[in-house]
Amino acid sequence: MTKHVELPVHLRKIAHVFVDESMQDSPIARRVRKQLIGTTLENIPWTTVSPDSDRVEFDEGDAQALYLKEYKGKFLRFCPGTRAYHCCGYRIIHIGENCPMACSYCILQAYFQDRILKIWANQDDLFKELGDGFGADPNTRYRVGTGEFTDSLALEHLTGYSHDLVSFLNDYDNVVLELKSKAVDLSWMQATKRTDRVLPAWSLNAPIINEQEEFDVSTLTERLEAARTCAQAGFRVCLHFDPVIHYPGWRTGYAEIIDQIFEYVKPEDIAYMSIGSFRCMPQLTPIIANNFPDTNYIYNEFVPGLDGKARLLRPLRVEQFSFMVDRLRSHGMDKQLYFCMESTEVWQEVFGYSPSDFGGLGKRLMAQAFGE
Amino acid sequence: MQLSKEIITASADSIDDTGSHLFWRSNANESLSESINEFGQAAPILASKSDTGFKLIAGYSRLSALRQTNQLVLVRMVLDADDRDMGLLYLADNAHRPLDDGMRLAALRYFQPISDDKTLKTDILPRLGIKPKSKDAKLLLSWLDMPDNWQAHLAAGDVPLAACTPLNRMSDQDRLAVEPLFAGFSWSRSNAVNVLTWLFETSKMTLKPIADILQQSGMTNILQQGLSPKDAIARLCAAAKTARYPELSSLQNRFDRAATGITAGTRWRMVQPDNFETGGAELIIQVKNETQLKKAVEDLEIMAGVPTWREIWTLGGKND
């Protein structure tokens, strides 16, 4: 009897593949087929979606579907930051939507209320649009990432998407790509020619948040080990504390993970590190309560912020930020630290300066991304 | 099921009016009794044959009025009616009545054991004036899972329909703790939902049972003060909100004190506009003529010199 190989844990709920008729012979579709051979998912059904279908229906409880789709929209986008807070100015390369992992705080639950993992399989169209954009002026620099509407690496084992993207971007010196993930898959490394144009990035959190609020994800140690592997290979990495959760015992938890970071990487290995307090559209809170009934951190002093999102009351945020920044500074971190979507007041209170003092956050991060 | 063409007469005592399908039974009101006394019974009641006589299907109030005056009853016979038919006929015969949430719940309680969920939602709810996909439909169906004592509170009008959402999230013990809040007062929808939600969320936030929160927040004490319902509800709401948002409430109290100190004796009003996201304050005034405007400017100049402003601007900040 043939013994089937288990896929990584975050891919094991995939129970069906849908593929647009026009994408059946795409490199992505061929790769997914190949990667499933010999695995426990070898025999899951494949359904071809005709051009007449306006949507795919899939509802099989906890199971997920992978949909290889011909995407007709814009691939290169601006991050949907608001003016009320300082945005990092990151540009999004839109490669798909939804995530196979389950984190209680994830905004994707509100964006996508189905269990269909969409991948834009028309990579030629993507590369054409990116080539037109990035090639128009080699002196215009871009800091881009794929981890906004999906996790950059969660489906990499099946699709090899980041590998292809890294390979494509090798020809564009004016682009730095950040691969933001909670999974560990370093297969994209083989495609890189310049280690200074890719920034592998992992989210970090307090250990208890990782254990109780993030499901089917890698452990914090696995992420830090991967970061160390990248640093040893010559890459600089990014680490993101987002969302920082205010829970009883948060000081101990965040101190522990901050201290742990520097057992694996040195401050100079880190291109930049963001810190962002948990915030959400008001409609996400009942979704979290419903999807994760044991989750308690949503019951805290959240108030409508300047952008209408629910945010932890400012003194509570500042208290957490100050603690974390002091701890990170004690390990030698300083200018690489920034806040994701915070106000001038909070920057001033915690760092003693605000982005306008150094010409804007986007500008600083661009320079740091390019190693200046 | 069929209705007979003929109308017969029967004595009121031969008609059994205890069927569970008579879920909105109420005795005859004064105007119905007067009308029957003046004109007689204009519309027959509906009944079916039973082993002992007749079984009332619809017309409880008319029957009770006729029984009081010992009159014969005009009856139209219902043939081959099962439990569902009897309930639907009763509903149809009472279609003129204004419905409240307690009545709707009583009807749903009757139909629930004899209907599947889909029928209850798509057939029965519209007969009760509720759209199947509406928020009220969801709430009413949720009430069916609530304990009998809480269903009785809804029927009595003590608790609004929307309270079901926070109540459903509570444990039996927590629901028991909040029940006294609804014993003597009639709550508005928003106040009830807010207070229950704040209590539930405070319990989750502090990992304490709601009984402890009621005690520590002073809400138990407020209930025992013999206040008017309006005052009691206002204080209960304020206490629950303070328990839920202790830091925000503390900041707001300090802001209000400082703002009052600055604007005292003037027509200016000061508010914190953004939940302390910034250290800003908004000053508001309404002026109707030049004199008032001049005075407002003079007051503003005097207010600008008050040292309390520093407290306003630093509230919630690191140097607060």
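**What share of the 320 residues of chain B counts as buried?** The solution to Exercise 1 gives the value, after two notes on conventions.

The model is predicted, so local features need pLDDT of at least 70 and side-chain atom pairs count only at pLDDT 80 or more, while totals for chains, interfaces and linings use all residues. Residues are numbered from 1 along each chain as its sequence is written, chains are lettered from A and ligands numbered from 1 in the order in which they are written, and side-chain values use heavy atoms, with hydrogens and water left out.

**Exercise 1. Describe the overall build of chain B.**

Step 1. Begin with burial, where buried means under 20% relative accessible area, exposed over 50%, and partly exposed in between (1.4 Å probe, protein chains only). By that cut-off, 42% of the 320 residues of chain B are buried.

Step 2. Next, list the secondary structure. Helices (H or I, at least four residues) and strands (E, at least two) are DSSP runs, numbered from the N terminus. Chain B has 16 helices and seven strands. Its radius of gyration is 29 Å, well over the 20 Å that the globule rule gives for 320 residues, so chain B is more spread out than a compact globule. Here the radius is taken over C-alpha atoms, and the rule is 2.2 Å times the number of residues to the power 0.38.

Step 3. Look at the outer dimensions: along the principal axes, the C-alpha atoms of chain B fill a box of roughly 90 × 50 × 40 Å.

Step 4. Divide the chain. Chain B splits into domain 1 (2–93), domain 2 (98–145), domain 3 (158–244) and domain 4 (254–314), with bounds from an automatic or database domain assignment. Over C-alpha atoms, the centres of domain 3 and domain 4 of chain B are 34 Å apart.

Step 5. Check the contacts (heavy atoms within 4.5 Å). Of those in chain B with a separation of 6 or more, 66% are between residues 24 or more positions apart.

**Exercise 2. Repeat the analysis for chain A.**

Step 1. Chain A comes to 12 helices and 18 strands. With a radius of gyration of 20 Å, close to the 21 Å from the globule rule for 372 residues, chain A is as compact as a globular protein of that length.

Step 2. The C-alpha box for chain A is roughly 60 × 50 × 40 Å along the principal axes.

Step 3. Buried residues account for 59% of the 372 residues of chain A. For contacts between residues at least 6 apart in sequence, 76% join residues at least 24 apart.

**Exercise 3. Work out how helix 12 of chain A is enclosed.**

Step 1. Count the buried positions: seven of the nine residues of helix 12 (residues 361–369) of chain A are buried, so the helix is largely enclosed by the rest of the structure.

Step 2. Name them: Leu361(A), Arg364(A), Leu365(A), Met366(A), Ala367(A), Gln368(A) and Ala369(A).

Step 3. Find the cover. It includes strand 9 (142–145), strand 10 (175–181), strand 11 (198–203), strand 14 (270–277), strand 18 (337–339) and helix 11 (344–351) of chain A.

Step 4. Now turn to helix 11 of chain A. Its buried residues are Val346(A), Trp347(A), Glu349(A), Val350(A) and Phe351(A), and they pack against helix 10 (314–330), strand 18 and helix 12 of chain A.

Step 5. Inspect what follows each helix. Gly352(A), just after helix 11 of chain A, has a positive phi of about 85°; Gly371(A), which follows helix 12 of chain A, has a positive phi near 75°.

**Exercise 4. Examine backbone geometry and exposure at selected residues.**

Step 1. Asn98(A), a residue other than glycine, has a positive phi near 85°. Asn98(A) sits in the loop between strand 6 (96–97) and strand 7 (102–103) of chain A and is buried, at 8% relative accessible area.

Step 2. Asp80(B) is not a glycine either, yet its phi is positive, about 55°. Asp80(B) lies in the loop between strand 5 (72–79) and helix 3 (83–93) of chain B and is exposed, with a relative accessible area of 66%.

Step 3. The peptide bond from Asp242(A) to Pro243(A) is cis, with omega near 10°. Pro243(A) belongs to strand 13 (residues 237–244) of chain A.

Step 4. Finish with Arg83(A), found in the loop between strand 4 (76–78) and strand 5 (91–93) of chain A. Arg83(A) is exposed, with a relative accessible area of 88%.
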